[in-house]
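Welcome, and please open your viewer before reading on. We will go from one selection to the next, with a short stop at each.

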Amino acid sequence: HINADVERRRSEGAQGPDQSRVQEAAEFPPNLHIYCLDDSSSARRLLIHGIQLWGHTENVKVFGKDALEANLFVKAAASSAHIAILDQHLEYGGESNILGSDLMR
């Protein structure tokens, strides 16, 4: 329903709040790299879909299905991400619970 509403507003030329966010996001540089870390598979899907839709970019990578992937995120984000989005409470069970803010220190 959201996609249909955005498309309707675009075709009507409306400048409502949703439309202004789309215009702002359209100004992102085409080579902007956004990396996301979340332990929830549904959150990872929402992040990649939402950022690609609103940011008009395909340069989105998601990480976080396990602690190993969280460590890969740290290396990748430090080397080539322009924007890093982190889940604060990564729960991998046992001793593997991680705070997102601790990863990027």
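Which residues does His-82 touch, not counting residues up to four places away in sequence? Select His-82 and look around: the residues that His-82 touches are Asn-31, Leu-32 and His-33. A contact here means heavy atoms within 4.5 Å. Now add Leu-32 to the selection: the C-alpha atoms of His-82 and Leu-32 are separated by 6.1 Å, although these residues are 50 apart along the chain. His-82 itself sits in the loop between H4 and E3.

Before the next stop, a word on what you are viewing. This is a predicted model, in which local features need pLDDT of at least 70 and side-chain atom pairs count only at pLDDT 80 or more, while totals for chains, interfaces and linings use all residues. Residues are numbered from 1 along each chain as its sequence is written, and side-chain values use heavy atoms, with hydrogens and water left out.

**The whole chain**

Zoom out to see five helices and five strands. These names follow DSSP runs (helices are H or I with at least four residues, strands are E with at least two), numbered from the N terminus. Walking from the N terminus, you meet the elements in the order α-α-β-α-β-α-β-β-β-α.

Next, colour by pLDDT, the predictor's confidence in each residue from 0 to 100. The chain averages 81, and 74% of the residues score at least 70. Among the elements, E1 has the highest mean, 95, and helix H2 (residues 17–25) the lowest, 55. Where pLDDT is low, the predicted coordinates should not be read in detail.

**The sheet**

Select E1, E2 and E3. These three strands form an open, parallel sheet in the order E2-E1-E3. Strand E2 (60–63) and strand E3 (83–86) are the edges, each pairing on one side only. From one strand to the next, the twist averages 15°. Strands count as paired if DSSP finds at least two bridges between them; E1 (residues 34–37) and E3 have four. To see one of these pairings, pick Ile-34, whose bridge partner in E3 is Ile-83.

**Two helices on the sheet**

Show helix H4 (residues 67–80), which packs on the sheet and touches E1, E2 and E3. The direction of H4 makes about 155° with that of E1. Then show helix H3 (residues 41–55), lying across E1, E2 and E3 and running at about 170° to E2. For these angles, axes are lines fitted to C-alpha atoms, for helices over the stretch in contact, and the values run from 0 to 180 degrees between N-to-C directions.

**The aromatic cluster**

Where do the rings meet? Select Tyr-35, Phe-63 and Phe-73, which ring pairs link into a cluster. Rings of Phe, Tyr and Trp (its six-membered ring) pair if their centres lie within 6.5 Å; planes under 30 degrees apart are stacked, over 60 edge-to-face, and the rest tilted.

Start with Tyr-35 and Phe-63: their ring centres are 5.8 Å apart and their planes are at 55°, so this pair is tilted. Tyr-35 lies in strand E1 and Phe-63 in strand E2, so the pair ties together parts 28 residues apart in sequence. Move on to Phe-63 and Phe-73, an edge-to-face pair with 5.6 Å centre to centre and 65° between the planes.

Are these residues buried or exposed? Tyr-35 is buried, with a relative accessible area of 4%, and both Phe-63 and Phe-73 are buried too. Buried means under 20% relative accessible area, exposed over 50%, and partly exposed in between (1.4 Å probe, protein chains only).
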